Every structure is written in C-alpha cells, then in structure tokens.
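Reader: I am new to this structure and would like a close look at a single part of it. Please take one helix and what lies around it.

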Amino acid sequence: IFVLDCSGSMQGDSLRQAAAALELCLRSLSPGDTFNVCRFGSTFDLLSSEPLHYSERTLKQALDCVRHAPDLGGTELYAALHAVMTPSPRVGRRRQVIVLTDGQVSNEPALLELARNLRPRNRIFAFGIGAAASASLAKGLARATGGAAEFITAGERIDDKVLRTFGRLTSPFVEDVSIDWDGCDVQTLAEIPP
C-alpha cells in the first residue's frame, strides 16, 4: 500500500518528487501483485476500498490518482496509517506499506507506537521527501516495523533508491531466528535488525 503525503507542505517540488518515486514504484510491480494508494493530508482517501490486482488498467488508474493529487491540508498521518495497517492482510502475508512524506507531523510518538503495535502484520518502507524531511519519523517508522528508510532531495536521481527499496520489499522476511551459543556467555542486541 502506497501512502502519499498530499499536505500543503508537500505541494510543488516535493509532491512532484514523491509522485515520480511513486510512479516508479508502481511500474516496478509485477502481474499478480496487489496494491492500493492512500493520499493523506487533514483527511485521507483510498484509490480503492479493496486492494487492486496489478494490470495496465489499474496502473493507469493509480497514475491518474498520483498525478492529480490535491492539496489535502495539514499533515495528519495517523488516521491514514491506522486505516491501511489495521485490517488483517491475507493469511501468511505481511503487508508492505510505502510512505512518501516530508514528515512534518506533531504526533510522532503516537505514530511510532501505532507502527510498533501493528508490526506483526506490517512493514513500513519510508521515503523522506525534500531537504527538510523528518529523519526521525521516516527512520522511526521503518525501524519500528522492520522496514527501511530512504531520503530523496531536489534534483536527485531516485531510481537507485526505489530499486533498493523494492529489493528489500521482495526479500524473504526471516523471523524467530535463534542461535545456539553452546553455553558460551554472549552479549547480543535486544532486537536484531531486519
């Protein structure tokens, strides 16, 4: 699910960069993939009430949605993330959420708590857009869910960053890893990163 920031602070170059990154993401999908687009600001809207199966028709529909993104006011990410991350994904799946934002929010602690609570079913990959993007929000959401963050600034090539993110998305997620240290006294990390 692609979550696109359409707030007032994103209008102009930031929204153009986010739309270009999102378009590249959409074109990187394969037949058989499902997706949705959520635009947010003071309110949010979804491209579809159910995930769409990737096809030429749904790609065109999504590109129209992204290219004609309205100014939706303030940056209220909580309701949008809650709406896309709360429903249960298909059995045996973990939902991949790609957030594209400049990340200027006032309720960052609540967003990070939401992400931590919904981690068992979701991974967030964040793109911080623009020179003033909130690194703590983008990295925090990614870290809380086992995802990763990338940052895109004006005039920068985005291809490599999008492709790197898609490489991470499609890599198998390994969990419940254990190591037998054979009785040795070993100090490890409290939480092993993805």
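Author: What follows looks at helix α6, then at the segment after it, and ends with a pair of rings elsewhere in the chain. The model is a predicted one.

Helix α6 covers residues 159-170. It has 12 residues, and at 1.5 Å a residue these should span 16 Å. The C-alpha atoms at its ends are 16 Å apart, so the expected span and the model agree.

The helix has a buried side and another side. Lys-161, Val-162, Thr-165, Phe-166 and Leu-169 are the buried residues of α6. Because these residues cover an arc of only 135° around the axis, they lie on the same side of the helix. Leu-163 and Thr-170 are exposed, and they sit on the other side of α6.

Val-174 comes in the segment after α6. Its relative accessibility is 61%, and since exposed means over 50%, Val-174 counts as exposed. Val-174 also belongs to a nonpolar surface patch, which it makes together with Val-177, Ile-179, Trp-181 and Val-186. The area of this patch is about 480 Å².

Last, the rings. The count of aromatic pairs comes to one. Phe-35 and Tyr-54 form this pair edge-to-face, with 6.3 Å from centre to centre and 65° between the planes. The pair links distant parts of the chain, 19 residues apart: Phe-35 is in strand β2 (residues 34-35), while Tyr-54 is in the loop between β5 (52-53) and α2 (56-67). Both Phe-35 and Tyr-54 are buried, whereas Val-174 is exposed.

Notes: Residues numbered from 1 in each chain as written. Predicted model: local features only at pLDDT ≥ 70, side-chain atom pairs only at ≥ 80, totals over all residues. Heavy atoms only, no water. Patch = residues over 30% accessible without salt bridge, like charges linked within 9 Å, V, L, I, M, F, W, Y side chains within 5 Å. Areas by Shrake-Rupley, 256 points an atom, 1.4 Å probe, with all protein chains shown as cover. Salt bridge = Lys/Arg side-chain N within 4 Å of Asp/Glu carboxyl O. Helix = DSSP H or I, 4+ residues; strand = E, 2+ residues; numbered from the N terminus. Buried < 20%, exposed > 50% of the residue type's maximum accessible area, 1.4 Å probe, protein only. Phe/Tyr/Trp six-rings, centres within 6.5 Å; stacked < 30°, edge-to-face > 60°. Expected span 1.5 Å × (residues − 1). Arc of directions from axis to C-beta.
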